[in-house]
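The following explanation leads the reader through a structure step by step. Please keep the sequence and the three-dimensional view at hand while reading.

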Amino acid sequence: MPHDHDDHHHDNELDPMAARVRALETILTEKGLIDPQAIDVIVDTYETKVGPRNGAKVVAKAWSDPEYADWLKRDATAAIESLSYTGRQGEHMQAVFNTPDTHNLVVCTLCSCYPWSVLGLPPVWYKSPPYRSKAVIDPRGVLVEFDVILPETTRIRVWDSTAELRYLVVPMRPEGSEGLSEEQLARLVTRDSMIGTGLALAPEAA
Amino acid sequence: MNGPQDLGGQMGFGPVAPEKNEPLFHADWEKRAMGMTIAAGAMGHWNIDESRHARESLHPADYYTSSYYEIWAKALEILLKRHGFVQPQELDEGRSLGKGTQPKRVLKAENVAAALAKGGPCDRPVAGEPRFQPSDRIRTHNFNPETHTRLPRYAHGKLGVIEAVRGGFVFPDSNAHGKGENPQYVYTVVFTAPEIWGDGADPILTVSIDAWESYLEPA
């Protein structure tokens with residue numbers, strides 16, 4: 001059965017990976033092993049529903065509600081699930097909190113483990129050899145590339161996601177953000193700040 | 001295995017070069033490769049550990065010159081061939097030449113939301129008490145199996161401190177090879193940078209891994 005999803009295939013026909021992946025999808029569809037529409041739904045989920053805005057809401061709530069922050073520290077999976085963010089690559093969550101003394105940075109040196117349920121799909125750099133190789137030996141050098149310059153006295157803690165725990169960094173709440181609502185606060189929380197390669201934005205951005 | 005995936009501390013890959021305003025996908029085929037990997041995995045014939053092992057078993061020259069979705073797509077072909085779903089000739093010709101292994105289940109569009117929301121929890125009960133407790137000093141195992149493991153090379157034979165007991169989890173070293181889940185306790189283990197990297201390392205940098213109990217010995 002030739003499938004009818006040509007609307008998905010705008011790649012140059014000469015691109016070998018585009019051709020290879022299309023061939024594979026054709027074969028699996030003809031054999032009835034996959035439902036191409038299921039792939040559409042999976043893609044749509046990560047394009048429109050599951051992304052770093054989820055994590056930003058978790059962080060904003062932790063900044064606003066000390067009881068929630070405490071719950072997030074003790075049982076991140078449950079605290080995050082209470083906001084309806086669950087599922088694939090977020091089954092076993094840990095939240096790690098930045099402090100004036102310690103900055104947390106998350107990496108997966110062995111593959112590309114990433115907390116999908118709160119951050120969505122990882123960016124290319126997170127999955128690529130330069131970041132995966134350097135984050136554990138020279139995190140300060142990595143941070144410079146992201147324009148994050150920490151005081152020399154700030155301790156860096158790198159979390160290598162070698163098992164099935166997925167880490168969400170809770171950045172420090174920016175100064176001058178006291179009067180902001182959770183919704184306004186969430187706009188200060190960037191994806192990179194929840195990986196540890198960024199800091200939360202200053203309130204002027206809200 | 002000491003494969004191309006074990007990148008911690010390697011050098012020479014150049015800058016991280018994060019892309020400004022990076023799109024979620026860089027080509028439409030990446031969307032299909034991502035979705036197919038999840039949909040084919042949902043047939044239930046292999047687990048996430050076998051998938052990871054298929055990716056890290058690519059030739060290093062192939063691994064390092066492939067984008068991550070290319071790695072996924074290439075590993076998916078390997079898994080489909082290994083489990084009898086497709087034949088090499090079919091991949092060459094780009095069409096089905098007949099039935100192969102019949103799937104245990106097929107992920108339909110209407111079931112995707114529930115499947116993604118459920119995920120694949122891999123925590124498991126473990127008989128007995130954890131061998132280690134927070135603040136215990138340990139030394140990591142030094143071994144070089146040709147099979148799958150999640151103990152990175154930079155953390156071989158190193159002194160560390162248990163920070164947390166995370167509970168029982170499926171053991172990837174056996175699960176990747178069809179040898180059962182054999183769950184063990186997992187611990188967050190912290191190392192100082194000088195312990196891992198030696199001369200010249202940042203004295204206030206710490207690195208942690210999550211380690212299965214059999215990777216650790218008391219120190």
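**A guided reading of the structure**

B:Tyr154 is located in the loop that runs between strand 1 (137-140) and strand 2 of chain B. The coordinates discussed here belong to a predicted model. Is B:Tyr154 buried or exposed? With 21 other C-beta atoms within 10 Å, B:Tyr154 is buried, because a residue is classed as buried once 20 or more such atoms lie within that distance. Leaving aside residues up to four places away in sequence, B:Tyr154 touches B:Gly8, B:Gly9 and B:Ile196, together with A:Val136. The contact with B:Gly8 joins parts of the chain that stand 146 residues apart in sequence, yet the two C-alpha atoms are separated by 6.5 Å.

The view may now be widened to chain B as a whole. Chain B contains eight helices and five strands, and along the sequence they follow the pattern α-α-α-α-α-α-β-β-α-β-α-β-β. The C-alpha trace of chain B spans about 60 × 45 × 35 Å along its principal axes. Of the 219 residues in chain B, 40% are buried. Among the contacts in chain B with a separation of 6 or more, 64% are made by residues 24 or more positions apart. As for confidence, chain B has an average pLDDT of 97, and 100% of its residues score at least 70. The model as a whole scores ipTM 0.98 and pTM 0.95.

The next topic is the meeting of the two chains. How many residues of chain B are in contact with chain A? There are 75 such residues in chain B, and they are in contact with 70 residues of chain A. Several elements of chain B supply at least two residues each to this side, including helix 2 (48-56), helix 4 (68-82) and strand 2 (159-169). Helix 1 of chain B gives the most, with eleven residues. By character, the residues on this side of chain B divide into 42 nonpolar, 13 polar and 20 charged.

The two chains also share a sheet. This open sheet has seven strands in the order 2(A)-3(A)-4(B)-3(B)-2(B)-1(B)-5(B), and its pairing is mixed. At its edges are strand 2 (102-107) of chain A and strand 5 (216-218) of chain B, each of which pairs on one side only. From one strand to the next, the twist averages 35°.

Where the sheet passes from one chain to the other, strand 3 (residues 155-160) of chain A runs parallel to strand 4 (residues 205-212) of chain B, and five bridges join them. Within this pairing, A:Arg157 has B:Thr206 as its bridge partner, and A:Trp159 stands opposite B:Ser208. Strand 3 of chain A also pairs with strand 2 of chain A, in the parallel sense and over six bridges; in one of these, A:Thr102 is partnered by A:Arg155. Five of the six residues of strand 2 of chain A are buried, so this strand is largely enclosed by the rest of the structure.

A helix of chain A shows a similar enclosure. Helix 3 (residues 52-64) of chain A has 13 residues and reaches 18 Å from its first C-alpha to its last, close to the 18 Å expected at 1.5 Å a residue. Eleven of these 13 residues are buried, so helix 3 of chain A is largely enclosed by the rest of the structure. The buried residues include A:Pro52, A:Val58, A:Val59 and A:Trp63, and A:Lys57 and A:Lys61 are also among them. The elements of chain A against which the buried residues of this helix pack include helix 4 (66-74), strand 4 (166-170) and helix 11 (191-195).

Finally, two residues deserve attention for their backbone angles. Most residues other than glycine have a negative phi. A:Ser84 is not a glycine, yet its phi is positive, at about 75°. A:Ser84 is found in the loop between helix 5 (76-81) and strand 1 (93-97) of chain A, and it is exposed, with 11 other C-beta atoms within 10 Å. B:Ala17, also not a glycine, has a positive phi of about 50°. This residue lies in the segment before helix 1 of chain B, and with 11 C-beta neighbours inside 10 Å, B:Ala17 counts as exposed.

Terms used:
Residues are numbered from 1 along each chain as its sequence is written. Chains are lettered from A and ligands numbered from 1 in the order in which they are written. This is a predicted model: local features need pLDDT of at least 70, side-chain atom pairs count only at pLDDT 80 or more; totals for chains, interfaces and linings use all residues. Two strands pair if DSSP finds at least two bridges between them. Helices (H or I, at least four residues) and strands (E, at least two) are DSSP runs, numbered from the N terminus. Axes are lines fitted to C-alpha atoms, for helices over the stretch in contact, and angles run from 0 to 180 degrees between N-to-C directions. Two residues are in contact if their C-beta atoms, placed from the backbone, lie within 7 Å. Ala, Val, Leu, Ile, Met, Phe, Trp, Tyr, Cys and Pro count as nonpolar, Asp, Glu, Lys and Arg as charged, and the others, Gly among them, as polar. A residue is buried if 20 or more other C-beta atoms lie within 10 Å of its own, exposed if 12 or fewer, and partly exposed in between; C-beta atoms are placed from the backbone. The expected span of a helix is 1.5 Å times one less than its number of residues. pLDDT is the predictor's confidence in each residue, from 0 to 100.
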